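Please open the structure in your viewer and keep the selection tool at hand, as this tour goes from one selection to the next.

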Amino acid sequence: MQSSDYFGMEMLWKLEQNNVNTKSDLMVLFVHWYLMRNGFRNVGVGDDKTLDNIAEQSELLPEGWNANNASYALRYTINNELYNLHGTLSNGTMIINLLHAKSLQVSNVVFNLDATVQSIRGSKIMDLIVKVDEQIARLDSELVKPIHSGPSKSSGTQTAAPLAQSGIADGGSTRRVDQGRIPIPPYGHADRDPLGVLGGGMLMDPLRPRMPNSGFFVPRPRIDPMGPVNRINQFPNPDHLPPPGYDDMFM
């Protein structure tokens with residue numbers, strides 16, 4: 001793997017190495033450096049999710065950042081938005097979460113400390129972390145990018161467009177014919193779309209049936225009589241429910 005840009009790492013290590021007492025301290029220091037390199041600035045410790053405009057922004061770690069080396073809470077800002085960093089130590093595993101205070105979106109990365117940190121004493125921090133370039137790549141792909149860049153919306157937009165153009169509700173399918181596709185609507189589609197090209201299937205259809213020999217739609221209930229198929233009145237179609245008392249000559 002190509003070497004990463006370690007700018008600022010050595011300086012930060014020189015300033016804080018005497019305050020690093022555990023492997024978890026060193027991992028938080030490493031994460032802090034990476035956030036600084038990506039434009040974040042620290043605005044103190046704690047988990048307060050409100051950003052004070054007068055809060056001092058700094059590239060340095062705040063005083064008391066590792067007062068509890070089993071649970072860390074630091075606050076960062078970038079583009080006038082607040083992010084909360086939490087680090088929790090559990091059975092030799094370091095779980096680091098980055099929370100966007102406004103959207104409450106969270107990303108996380110997990111490190112096995114014994115497998116990641118060789119030692120907490122040395123002249124260069126990049127020599128203390130196993131495969132430092134791989135750990136930097138993990139911070140980038142698992143912690144920063146998922147929450148700071150946000151998910152792409154292009155795929156959802158591209159998928160929805162063909163369905164909207166076809167006029168087929170969710171649940172439809174397609175059948176390939178030559179070079180094109182013939183839409184096959186789902187069961188019950190006509191009932192949900194009485195004005196569609198397939199025709200309404202509801203008993204109360206506002207635009208059916210037509211008056212015979214006229215080009216006009218007449219709103220009326222779609223209630224058809226039942227009777228012999230050879231009767232003169234073939235309108236409406238004799239395959240629906242008759243109205244009460246139909247064919248009663250005494251009514």
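The stops below follow a predicted model, beginning with a buried acidic residue and ending with two loop residues of positive phi.

Begin by selecting Asp25, which sits in helix H2, the run covering residues 23–37. Asp25 is buried and yet has no salt bridge, since the nearest side chain of opposite charge, that of Arg121, is 7.9 Å away, whereas a salt bridge would need a nitrogen–oxygen distance within 4 Å. What lies 3.0 Å from a polar atom of the Asp25 side chain? Add Asn21 to the selection, and the partner turns out to be the backbone nitrogen of that residue. If you then leave aside residues up to four places away in sequence, the contacts of Asp25 are Asn19, Val20, Trp65, Asn66, Asn69 and Tyr72.

Next, select Met11, Leu15 and Leu60 together, and show the surface: these residues form a nonpolar patch with about 330 Å² of accessible area together. Within this patch, Leu60 belongs to the loop between strand E1 (41–45) and strand E2 (71–78), and Leu60 counts as partly exposed because its relative accessibility is 45%.

Move on to Asn80, in the loop between E2 and strand E3 (81–90), where phi is near 60°, a positive value in a residue other than glycine. Asn80 is exposed, with a relative accessible area of 70%.

Finally, select Leu104, in the loop between strand E4 (93–100) and strand E5 (106–112). Leu104 has a positive phi of about 65°, although it is not a glycine, and Leu104 is exposed, at a relative accessible area of 54%.

Key. Residues numbered from 1 in each chain as written. Predicted model: local features only at pLDDT ≥ 70, side-chain atom pairs only at ≥ 80, totals over all residues. Heavy atoms only, no water. Helix = DSSP H or I, 4+ residues; strand = E, 2+ residues; numbered from the N terminus. Buried < 20%, exposed > 50% of the residue type's maximum accessible area, 1.4 Å probe, protein only. Lys, Arg positive; Asp, Glu negative; His and termini not counted. Polar contact = N/O pair within 3.5 Å; in protein donor to acceptor, adjacent residues only side chain to side chain. Contact = heavy atoms within 4.5 Å. Patch = residues over 30% accessible without salt bridge, like charges linked within 9 Å, V, L, I, M, F, W, Y side chains within 5 Å. Areas by Shrake-Rupley, 256 points an atom, 1.4 Å probe, with all protein chains shown as cover.
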